[in-house]
Amino acid sequence: MPKFSLGMPRHMAGWDRVVIELHSQVVVMGFFVSNGMTYKPVDDLELGPKSEEVYMRPQVKVPRISGWLIKITALLLESRIFGPVLLYLLKKDNLIHKLVSFAELEEPPLYSPIHTSEATEVHETKNIQSDLSPSERVQEVLECLPSIGNDLPDPNLSFHRWSILDYSRAYQSGLLTPMKVSERLIAAVQQSAIPPFEMSFFISYDAKDILRQANESTNRYKRGEPISILDGVPVAIKDEIDCLPYPTTGGTKWLHRVRPCKDDAFCVTYLRSCGALLIGKTNMQELGSGTSGINPHYGATRNPYGTKRVTGGSSGGSAAVVCAGLCPVSLGVDGAASYRSTGQLGQLPEATMPMLKHQKFMTGIKLAKYGEAICISGYRKPQIFYDMLS
């Protein structure tokens, strides 16, 4: 096998170079040694009923840390002297070097796809003008969506999950007002936070600010001047996205002290300018550093489909509030399936679909549904569900 000599950056404080020998052993920095895994070609493996191949079950030794210990660990990892050594040891303990970094693949790389794919035909593409206001952009997008009419809830469904359009229609018809919905919402959030539920949906919310926004929206509807279809529609924000008047904690007890929230994030500014009712900051995994949705400071966000189960993470709070019917849309952030996994973990063993339809962005938008157009029938009502419009 060939040898590769990799030059190290000058800041590596004396470790001028790393010599990697791609044999059964790999020598790093002179005294660290890791054995690399050898992967056989698929054609050489017996995968039938009589196969003796077994799945590896590596012992993961990732330390569980939170609070100030995360800060200390981050400082050590950023250190020019201790960082490379600590990172190497963590990877070695978790078999990353053995299974990935120094593994040998006896099979040649694949340069062309095995399966052919058929691209979806695009009938029409419309570019939204960048110089339009947020509310004008929303209107243009709305006009591009397929018309679903003023359809009523499907009687064949076990329950009805209200959409953005449902809220807008209820407000425009005068059946409900944003003020009435906000009062129901605040009562539901307060109820969800105490025994026997203790759902831990939110890190922070401000009832007075919610009512202030709702009053302004209600007055706009009375004047017949709603800003957009989002006017008065409750929207929850993940607590790593800046949204005044709340601190941005990132799920910690210290981040907002060293990085105060001074203004709305760009996406929040757009929502606010469209009249959206911003209802608070949702719970999340501390610093987005995990996928369980368990937070040692603000509690584990419980799954509305089963309160003894988690929501996933790190955007668990944003997923749960939509699932529980508190709002039809929420914001989250996705770096490693944070927003995608939470949509799937709403599915309990007996459920027939993920709890949410969602779109995938780095700053993600989780939607209850778009009317009945993308609503999959047959899914059951969550154990914890608040009906804001009935």
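Two strands pair if DSSP finds at least two bridges between them, and helices (H or I, at least four residues) and strands (E, at least two) are themselves DSSP runs, numbered from the N terminus. The exercises below concern a predicted model, in which local features need pLDDT of at least 70, side-chain atom pairs count only at pLDDT 80 or more, and totals for chains, interfaces and linings use all residues. Residues are numbered from 1 along each chain as its sequence is written, and side-chain values use heavy atoms, with hydrogens and water left out.

**Exercise 1. Describe the protein as a whole, beginning with its helices and strands.**

Solution. Start with the secondary structure, which comes to 11 helices and 14 strands. Next turn to burial, where buried means under 20% relative accessible area, exposed over 50%, and partly exposed in between (1.4 Å probe, protein chains only); of the 390 residues in the protein, 41% are buried. Then take contacts, meaning heavy atoms within 4.5 Å: among those between residues at least 6 apart in sequence, 67% join residues at least 24 apart.

**Exercise 2. Find how strand β8 is joined to β12, and state how far β12 is enclosed.**

Solution. Locate β8 at residues 234-238 and note that three bridges join this strand to β12, the two running parallel. Within this pairing, V235 stands opposite V329 in β12. Now look at β12 itself, residues 329-333: four of its five residues are buried, so this strand is largely enclosed by the rest of the structure.

**Exercise 3. Identify the residues with the most contacts inside the largest nonpolar core, and the elements that contribute to this core.**

Solution. A nonpolar core is a set of buried Ala, Val, Leu, Ile, Met, Phe, Trp, Tyr and Cys residues joined through side-chain atoms within 4.5 Å. The largest one has 48 residues, and F201, I237 and L326 are those with the most contacts inside it. The elements that give two or more residues to this core include α5 (164-173), α7 (207-222), β8 and β12, while α6 gives the most, with six residues. To follow one member further, set aside the neighbours of F201 within four places in sequence; F201 is then in contact with residues including S192, T282, Y386 and L326.

**Exercise 4. Trace the salt bridges made by K238, D239 and R259, and say whether each partner is buried or partly exposed.**

Solution. Side chains of opposite charge can pair when their charged atoms come close. A salt bridge is a side-chain nitrogen of Lys or Arg within 4 Å of a carboxyl oxygen of Asp or Glu, and by this rule the count comes to nine.

1. K238 and E240 meet through their side chains at 2.7 Å, N to O; K238 is buried at 0% relative accessibility, whereas E240 is partly exposed at 33%.
2. D239 forms a salt bridge with K281, the closest N and O atoms being 2.9 Å apart. Because D239 lies in the loop between β8 and α8 (255-258) and K281 in strand β9, the pair ties together parts that are 42 residues apart in sequence. Both D239 and K281 are buried.
3. R259 and D242 meet in a salt bridge of 2.8 Å, N to O. This pair links the loop between α8 and α9, which holds R259, to the loop between β8 and α8, which holds D242, 17 residues apart. R259 is partly exposed, with a relative accessible area of 39%, and D242 is buried, at 13%.
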